[in-house]
Amino acid sequence: MSRQCPEGLTMMSSWLHDHPYLDELARLQERVQESLVDWVQLPLPAPRCDMHAGDLSQGIPLLMSSNLDRTFAVHAGEVLCHLIARISPADLPEGFRAQCEQLRERLRQAPELAAHLVETQLAGPADQENADPEQGFIKFFCWMALAVVLRPWHESFDKWRQNLQWEHPYCPLCGARPAMAQLTRSRSGRRRLLACGCCGLRWAYQRIGCPFCGNDEHDQLAILEPEEENWRIDVCHRCHGFLKTYTREGEEALMLADWSTLHLDALGMQQGYLRLAQSLYGL
Ligand SMILES: [Zn+2]
Ligand SMILES: [Zn+2]
């Protein structure tokens with residue numbers, strides 16, 4: 001990564017130093033991770049992907065495969081209960097505090113509700129969720145819990161997918177639309193990866209074209225260049241969607257975290273484009 005951190009600062013603190021409006025979200029991420037430190041359940045074994053090859057070849061993401069064992073949702077529900085019991089409402093942004101108390105009470109009375117809440121996140125993109133603060137709150141914490149269960153699956157799922165052509169603009173693991181994109185180098189030149197803002201998976205997608213409407217006509221596509229080094233915003237004149245694109249490699253955990261570049265979403269919207277990306281973060 002070419003960006004130089006001021007001496008003594010980690011990449012994260014340097015980034016926050018330059019983007020102080022992201023402080024609250026960075027703190028939220030930190031609190032979530034702290035609340036999960038004492039979570040000790042063994043990782044759930046990754047599913048046998050060959051059992052789901054038929055569904056995947058028809059464009060059905062793994063988590064929506066008809067014969068997938070749903071134990072992963074029960075485990076994610078347990079992580080959700082743990083997370084909500086540990087996190088202190090005082091550590092949350094003000095708009096989340098009352099919802100956290102309410103959810104904690106609901107889960108205390110009916111812990112089995114947690115797996116159901118997790119499953120409802122997988123029912124497909126619900127574009128209105130972020131407009132409803134309560135749904136946005138539940139969605140955020142369900143995906144934080146799902147990530148604990150799904151991250152250990154990424155490596156074996158990626159390895160298995162090497163033999164599978166997945167050319168869809170939605171995540172092959174969870175089915176979410178991309179939150180952002182990344183340009184990387186491969187043996188055959190530059191390639192584009194789409195990045196899931198829900199489960200965190202990345203997958204290769206056609207280099208040119210809008211993932212939201214399929215438009216691949218060059219004169220209907222454009223690039224906005226923010227001042228931010230290593231970033232661009234791809235825009236589509238057909239559906240008016242935009243996609244934040246990281247043009248370098250390295251620091252993916254921070255750079256592709258979605259929340260760390262919400263200022264680029266704000267920029268895209270200021271320019272009159274639509275935020276069609278699937279994000280856990282409302283604006
Ligand atoms: Zn995903
Ligand atoms: Zn489009």
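Helices, which are DSSP runs of H or I at least four residues long, and strands, which are DSSP runs of E at least two residues long, are numbered from the N terminus. The structure shown in these views is a predicted model.

**Figure 1. The whole chain, with its helices and strands.** The chain contains nine helices and six strands. Its radius of gyration is 19 Å, close to the 19 Å that the globule rule gives for 283 residues, so the chain is as compact as a globular protein of that length. Taken along the principal axes, the C-alpha atoms fill a box of roughly 55 × 45 × 35 Å, and 34% of the 283 residues count as buried. Among the contacts between residues at least 6 apart in sequence, 59% join residues that are at least 24 apart.

**Figure 2. Domain 1 and domain 2, and the contact between them.** The chain is divided into domain 1, which covers residues 19-161, and domain 2, which covers residues 178-270. The C-alpha centres of the two domains lie 24 Å apart, and the contact takes eleven residues from domain 1 and eight residues from domain 2. On the side of domain 1 that touches domain 2, the elements that give two or more residues are α2 (23-36) and α7, and of these α7 gives the most, with six residues. Sorted by class, this side of domain 1 has seven nonpolar, three polar and one charged residues.

**Figure 3. The largest nonpolar core.** In soluble globular proteins, nonpolar side chains tend to be buried together. This core has 68 residues, and the members that touch the most other members are Leu-80, Val-118, Phe-141 and Ala-145. The elements that give two or more residues to the core are the helices α4 (71-86), α5 (94-109), α6 (113-121) and α7 (133-161), together with the strands β1 (178-186), β2 (189-196), β5 (231-236) and β6 (242-246). Helix α7 gives the most to this core, with 14 residues. Because domain 1 and domain 2 both give residues to the core, it lies between them.

**Figure 4. Ile-84 and Phe-141 in contact.** Ile-84 has its place in helix α4, and it counts as buried because it has 23 C-beta neighbours inside 10 Å, where the cut-off for a buried residue is 20 or more. If residues up to four places away in sequence are left aside, Ile-84 touches Cys-100, Leu-103, Arg-104, Leu-107 and Phe-141. The C-alpha atoms of Ile-84 and Leu-107 are separated by 8.6 Å, although these two residues are 23 residues apart along the chain. With the same sequence neighbours left aside, Phe-141 touches Leu-80 and Leu-83 as well as Ile-84.

**Figure 5. Leu-201, a buried residue in a loop.** Leu-201 has its place in the loop between β2 and β3 (202-205), and it counts as buried because it has 24 C-beta neighbours inside 10 Å. Not counting residues up to four places away in sequence, Leu-201 touches His-154, Cys-171, Leu-173 and Cys-196. Leu-201 and Ile-138, by contrast, are 63 residues apart in sequence and 21 Å apart in space, C-alpha to C-alpha.

**Figure 6. Helix α9 and its buried residues.** In helix α9, which runs over residues 262-270, Leu-264, Asp-265 and Gly-268 are buried. Seen down the axis of α9, its buried residues fall within an arc of 105°, so they line one face of the helix. These buried residues of α9 pack against β5 and β6. Just after the helix, Gly-272 takes a positive phi of about 95°.

**Figure 7. Positive phi at Glu-251 and Asp-258.** Most residues other than glycine have a negative phi. Glu-251, which is not a glycine, nevertheless has a positive phi near 60°. Glu-251 has its place in the loop between β6 and α8 (252-255), and it is partly exposed, with 17 other C-beta atoms within 10 Å. Asp-258, also not a glycine, has a positive phi of about 75°, and its place is in the loop between α8 and α9. With 23 other C-beta atoms within 10 Å, Asp-258 is buried.

Terms used. Residues are numbered from 1 along each chain as its sequence is written. Chains are lettered from A and ligands numbered from 1 in the order in which they are written. This is a predicted model: local features need pLDDT of at least 70, side-chain atom pairs count only at pLDDT 80 or more; totals for chains, interfaces and linings use all residues. A nonpolar core is a set of buried Ala, Val, Leu, Ile, Met, Phe, Trp, Tyr and Cys residues joined through C-beta atoms within 7 Å. A residue is buried if 20 or more other C-beta atoms lie within 10 Å of its own, exposed if 12 or fewer, and partly exposed in between; C-beta atoms are placed from the backbone. Domain bounds come from an automatic or database domain assignment. Two residues are in contact if their C-beta atoms, placed from the backbone, lie within 7 Å. The arc is that of the directions from the helix axis to the C-beta atoms. Ala, Val, Leu, Ile, Met, Phe, Trp, Tyr, Cys and Pro count as nonpolar, Asp, Glu, Lys and Arg as charged, and the others, Gly among them, as polar. The radius of gyration is taken over C-alpha atoms; the globule rule is 2.2 Å times the number of residues to the power 0.38.
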